[in-house]
Every structure is written in C-alpha cells, then in structure tokens.
Amino acid sequence: MTREEVYVRLNKIFQSVFDDESIIVNASTCAEDIEDWDSFEHINLVVAVEHEFGIKFNIKEAKNFKNVGEMVEVIMSRGEQ
C-alpha cells in the first residue's frame with residue numbers, strides 16, 4: 001500500500017464521517033481545519049480508520065494524533081493486517 005493509496009482511502013473516510021464530500025485531507029490537516037471535528041467525531045473517525053485498514057490504534061495514539069500525517073505514519077508502519 002502506497003502513501004497515496006492511504007490518503008485516497010482516508011479522504012473517503014473523512015468525507016463519510018463528516019458528511020462532506022469536499023473534504024480533501026493532507027499531512028497537515030488537523031481538527032482545526034474541519035469544522036465538525038470534535039472529540040465525539042474524533043472517536044468515530046478513529047473507529048472508521050481502524051475498520052478500513054484492519055488495524056487498532058492504542059489509546060495514546062488515538063488520543064494524541066496532531067494531524068492526518070501522524071495517522072498516516074502509523075497506518076504505513078503497520079500495513080494492512
């Protein structure tokens with residue numbers, strides 16, 4: 001899986017979770033960039049990403065992602081399982 005493939009899949013997840021097809025994420029995208037990205041939606045997002053990529057984030061990871069790039073690094077490091 002390439003980094004570009006991860007971003008394509010993440011874009012679909014973000015668009016679905018936030019019900020906004022105009023969302024396009026990149027490495028620096030963070031909660032401040034998406035109006036509805038609050039703590040509740042963060043949980044929904046993490047669960048959707050885990051499901052899509054067949055991985056589990058630990059609590060510290062899930063809680064401390066500063067931006068999408070950090071999430072991508074973890075996804076890339078684990079690969080699909």
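Select Asp-19 to begin: this residue is exposed, with a relative accessible area of 71%. Note that the model is predicted. Asp-19 sits in the loop between α1 and α2. Check its backbone: phi is near 50°, a positive value in a residue other than glycine.

**Stop 1: α1 against α2**

Now select the two helices on either side of that loop. Helix α1 covers residues 3–17, and helix α2 covers residues 39–53. Their axes come within 10 Å and cross at roughly 140°. The two helices are therefore oblique to each other. At 140° the pair stays off the antiparallel class, because that class takes angles over 145 degrees. The crossing of α1 past α2 is right-handed.

Show side chains on both helices. From α1, pick Val-6, Arg-9, Leu-10, Ile-13, Phe-14 and Val-17. From α2, pick Glu-41, Asn-44, Leu-45, Ala-48, Val-49, Glu-52 and Phe-53, which they meet. Colour this contact by class: nine residues are nonpolar, one is polar and three are charged.

**Stop 2: α1 against α4**

Keep α1 and add α4. These helices pack at an angle of about 120°, with their axes 11 Å apart. Again the arrangement is oblique. The crossing is right-handed.

On the α1 side, select Arg-3, Val-6, Tyr-7, Leu-10 and Phe-14. On the α4 side, select Val-68, Gly-69, Met-71, Val-72, Glu-73, Ile-75 and Met-76. By class, this contact has nine nonpolar, one polar and two charged residues. Val-6, Leu-10 and Phe-14 of α1 are worth keeping highlighted: they take part in the contact with α4, and they are also listed in the contact with α2.

**Stop 3: the nonpolar core**

Which residues have the most contacts inside the largest nonpolar core? Select Leu-10, Phe-14, Leu-45, Val-49, Phe-57 and Ile-75. The core as a whole has 24 residues. Helices α1, α2 and α4 (68–78) each supply at least two of them. The helix that gives the most is α1, with six residues.

Centre on Ile-75, in helix α4. Buried or exposed? Ile-75 is buried, with a relative accessible area of 0%. Leave out residues up to four places away in sequence, then display what Ile-75 touches: Met-1, Val-6, Leu-10, Val-49, Phe-53, Ile-55 and Phe-57. For a distance label, draw a line from the C-alpha of Ile-75 to that of Ile-13. The two residues are 62 apart along the chain, and the atoms are separated by 14 Å.

Move to Val-49, one of the contacts of Ile-75. With the same kind of sequence neighbours set aside, up to four places away, Val-49 touches Leu-10, Ile-13, Phe-57, Met-71 and Ile-75.

**Stop 4: Val-46 on α2**

Stay on helix α2 and select Val-46. At 8% relative accessibility, Val-46 counts as buried. Leaving aside neighbours within four places in sequence, Val-46 is in contact with Phe-57 and Ala-62. Next, label the C-alpha distance from Val-46 to Val-17: 9.9 Å in space, for residues 29 apart in sequence.

**Stop 5: Ile-55 in the loop**

Go to the loop between α2 and α3 and pick Ile-55. How accessible is Ile-55? Its relative accessibility is 4%, which counts as buried. Recall that Ile-55 is among the residues touched by Ile-75. Then find Arg-78: the C-alpha atoms of Ile-55 and Arg-78 are 7.5 Å apart, and the residues are 23 apart in sequence.

**Stop 6: α3, two residues side by side**

Finish on helix α3, residues 59–64. Select Glu-61. This residue counts as buried, at 18% relative accessibility; the cut-off for buried is under 20%. Beyond residues up to four places away in sequence, Glu-61 touches Lys-56, Val-74 and Arg-78.

Now select Lys-60, also in helix α3. At 63% relative accessibility, Lys-60 counts as exposed. For a last label, join the C-alpha atoms of Lys-60 and Ala-27: they are 19 Å apart in space, and the residues are 33 apart in sequence.

How values were computed:
Residues numbered from 1 in each chain as written. Predicted model: local features only at pLDDT ≥ 70, side-chain atom pairs only at ≥ 80, totals over all residues. Heavy atoms only, no water. Axes fitted to C-alpha atoms, helices over the stretch in contact; angles between N-to-C directions. Helix = DSSP H or I, 4+ residues; strand = E, 2+ residues; numbered from the N terminus. Parallel < 35°, antiparallel > 145°, perpendicular 65-115°, else oblique. Left-handed = near helix turned anticlockwise from the far one by under 90°. Contact = heavy atoms within 4.5 Å. Nonpolar A, V, L, I, M, F, W, Y, C, P; charged D, E, K, R; others polar. Core = buried A, V, L, I, M, F, W, Y, C linked by side-chain atoms within 4.5 Å. Buried < 20%, exposed > 50% of the residue type's maximum accessible area, 1.4 Å probe, protein only.
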